[in-house]
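Okay, thanks for coming, everyone. Have the structure up on your own screen if you can, and I'll talk you through it.

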Amino acid sequence: MNNRRFARTAGWLALPCLVAAGLLAWYVTREPATPFAQAPATATFEPALVSRGEYVARLSDCVACHSLPGKAPFAGGLEMATPLGAIHATNITPDKTTGIGSYSLADFDRAVRHGVAPGGRRLYPAMPYPSYVKLSDDDVKALYAFFMQGVQPANQANIPSDIPWPLNMRWPIALWNGVFAPTATYAAKPNQDALWNRGAYIVQGPGHCGSCHTPRGLAFNEKALDESGAPFLAGALLDGWYAPSLRQDPNTGLGRWDEAQIVQFLKTGRNAHAVVYGSMTEAFNNSTQFMQDDDLAAIARYLKSLPGDPQRDGTPWQYQAAATNPDAPGAHTYATRCASCHGLDGKGQPDWMPPLAGATSALAKESASAINITLNGSQRVVAAGVPDAYRMPAFREQLTDQQIAEVLSYVRGTWGNNGGAVDVKAVGKLRGHTDPASSSPIILHMR
Amino acid sequence: MELRINQKAYQVDADADTPLLWVIRDDLGLTGTKYGCGLAQCGACSVLVDGNVVRSCVTPVAGVVGREITTIEAIEEDEVGKRVVATWVEQQVAQCGYCQSGQVMAATALLKHTRAPSKAQIDAAMVNLCRCGTYNAIHAAVDALAKQEGA
């Protein structure tokens, strides 16, 4: 009697568990809806569509992760760190066996905009599908045409991730997506003009600027994906660099830049305020310089509409002449190592050598960018096929941690700069992480 | 654009970001100024701009239009520069000589700003690299020039 009652109770309890498990299994492996589900397979594409797709690939900076220097374009291989182990960007050439040659337009759409590979396998959100979801149907179609017909197939097997079982199971990402990844394409704001909307589309969608410039939460989610959230593009630390605010913060953001200067920076890599460096060099070399002028103007218009935060940014910077004290720690190092290019007055030689007076890296509380560029120098900026004449040299072998901390503390505390002193330990730590010969080199997180 | 070099005007056809060093050496043939590292680290390319020592390899030419440039070729037309060269010869400072035009420019700039520099000031200002290691001779020569002034 008792046994039968127990069995009946257990049965009643098991049923909802089974139903819940079934629903969960369906949810985490389901293929999201796509407007292209019924699209017929296409054998050839119009050249105009392919070249439009190539432009969308530039806007989206696909090569940042999916191409390695000296290797076949889009064959994958870039290593990226996650808290659980390294993952590698995949082969997205139209090779039938190792690439995406067998993808239908619907498969391609699900991967790019929703992070779901054929069969329901979830991609890691290192692929910026929470941004790419904003891409228009037309741009996805063009992008597909480019990858199917504009890219050479390359037979190169994908590298499996280092993440151990059971952490390498992909289905929990579907739950992450449910919480953090939007599902809708960009919808134009009727109260804004076409230029602003085009800028918002590029910045939030293909440009995925927030991948670097928006701070991330505990689950590695971007804290905001559009202008409705104050953390959107408010500046973030990653890969040993501080990606500054792109909002109207006069010190750590674009508050002192006008629209023409934003366009010039993205088109030529330099303006009166700054020269691209760190991860932005790659974004410039591979992506922003190829954007059309009207698209750059749209980006500038949109970014200039994002308000700053005086609480976070502090009192707006103003130039102050340096007090004449050549014996201050760091002042002598500055005079002998830095002043030839950046000037004893800190004003640089714009637009070629950037000023350090008023530079974001000297005003931001985070000192990572200042330390990193001093240790490792800048990468080659290639504008319109021409490499730059002037580049920041690496001082890793010439200056000690103490000397770097002193000279950067001097730079960050002179000419009105108030980023604050640099800790010698922070220099040592970044020196270790960025040493290619070390056992714990810094590995790229996000692009 | 027009450049004023060694009291003469030169018409130069160059991109705005061309390093001044390239214009001086390649376009104008003033080869006394040397190319060393190209990164403002060694000082072999030092010239004077309005009396201040600058490293011409990292000086975009557009930035020096309208300013007075002095190279090693004309340094003896300068009162201080003449004494520096004389002392350099007297003390036989140079070995291979490659860095020495830059060293002479740096010493001239120092003495034009500070007539009788202390040893510490000499150490702080004379930071150009010398592959032969003539640092002791350089410092002795500048020290002798400082003492002439001090006397």
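I'll go from the overall build of chain A to its domains, then a few local spots, and finish with chain B.

Some housekeeping. Residue numbers start from 1 along each chain as its sequence is written, and chains are lettered from A, with ligands numbered from 1, in the order in which they are written. This is a predicted model, so local features need pLDDT of at least 70 and side-chain atom pairs count only at pLDDT 80 or more, while totals for chains, interfaces and linings use all residues.

Right, chain A as a whole. We have 18 helices and six strands here; those are DSSP runs numbered from the N terminus, H or I with at least four residues for helices, E with at least two for strands. Its C-alpha atoms fill a box of roughly 90 × 65 × 50 Å along the principal axes. The radius of gyration of chain A is 25 Å, which agrees with the value near 22 Å for a compact globule of 447 residues. That radius is taken over C-alpha atoms, and the globule rule is 2.2 Å times the number of residues to the power 0.38.

How much of chain A counts as buried? The figure is 45% of the 447 residues. Buried means 20 or more other C-beta atoms within 10 Å of the residue's own; 12 or fewer is exposed, in between is partly exposed, and the C-beta atoms are placed from the backbone. As for contacts in chain A with a separation of 6 or more, 65% of them join residues 24 or more positions apart. A contact is two C-beta atoms, again placed from the backbone, within 7 Å.

Now the domains. Chain A is divided into domain 1, residues 28-152, and domain 2, residues 194-433; the bounds come from an automatic or database domain assignment. Their centres, over C-alpha atoms, are 30 Å apart. At the interface, 13 residues of domain 1 of chain A are in contact with 17 of domain 2. On the domain 1 side, the elements giving two or more residues are α2, α3 and α5 (129-132), and α2(A) has the largest share with four residues. That side divides into eight nonpolar, two polar and three charged residues. For the classes, Ala, Val, Leu, Ile, Met, Phe, Trp, Tyr, Cys and Pro are nonpolar, Asp, Glu, Lys and Arg are charged, and the others, Gly among them, are polar.

Staying in that part of the chain, which residues does UniProt list under "binding site"? The unreviewed entry gives A:C62, A:C65 and A:H66. Those positions are in the numbering used here, feature names are shortened, and annotations may be inferred rather than shown by experiment.

A:C62 is in the loop between α2 (47-60) and α3 (63-66). It counts as buried because it has 25 C-beta neighbours inside 10 Å. Skipping residues up to four places away in sequence, A:C62 touches A:A57 and A:F74. A:H66 lies in helix α3 of chain A and, with 23 C-beta neighbours inside 10 Å, counts as buried too. With the same four-place exclusion, A:H66 is in contact with A:F74, A:G76, A:A89 and A:I92.

A bit further along, strands β1 (79-82) and β2 (85-88) of chain A pair antiparallel over four bridges; pairing needs at least two DSSP bridges. They make a hairpin with two residues between them, and A:T82 has A:G85 in β2(A) as its bridge partner.

Over to helix α12(A), residues 293-303. Why call this helix largely enclosed by the rest of the structure? Because eight of its 11 residues are buried, including A:D295, A:R301 and A:Y302. What covers the buried residues includes α8 (194-204) and α10 (259-268) of chain A.

Last, chain B. It has 12 residues in contact with 10 of chain A, and the chain B side splits into eight nonpolar, two polar and two charged. Chain B itself is divided into domain 1 (2-73) and domain 2 (75-150), with 20 Å between their C-alpha centres. Between them, 16 residues of domain 1 of chain B are in contact with 15 of domain 2. On the domain 1 side, β3 (46-49) and β4 (52-55) of chain B each supply at least two residues, and the largest share, three residues, comes from β3(B). That side has seven nonpolar, eight polar and one charged residue.

Okay, that's my tour; over to you.
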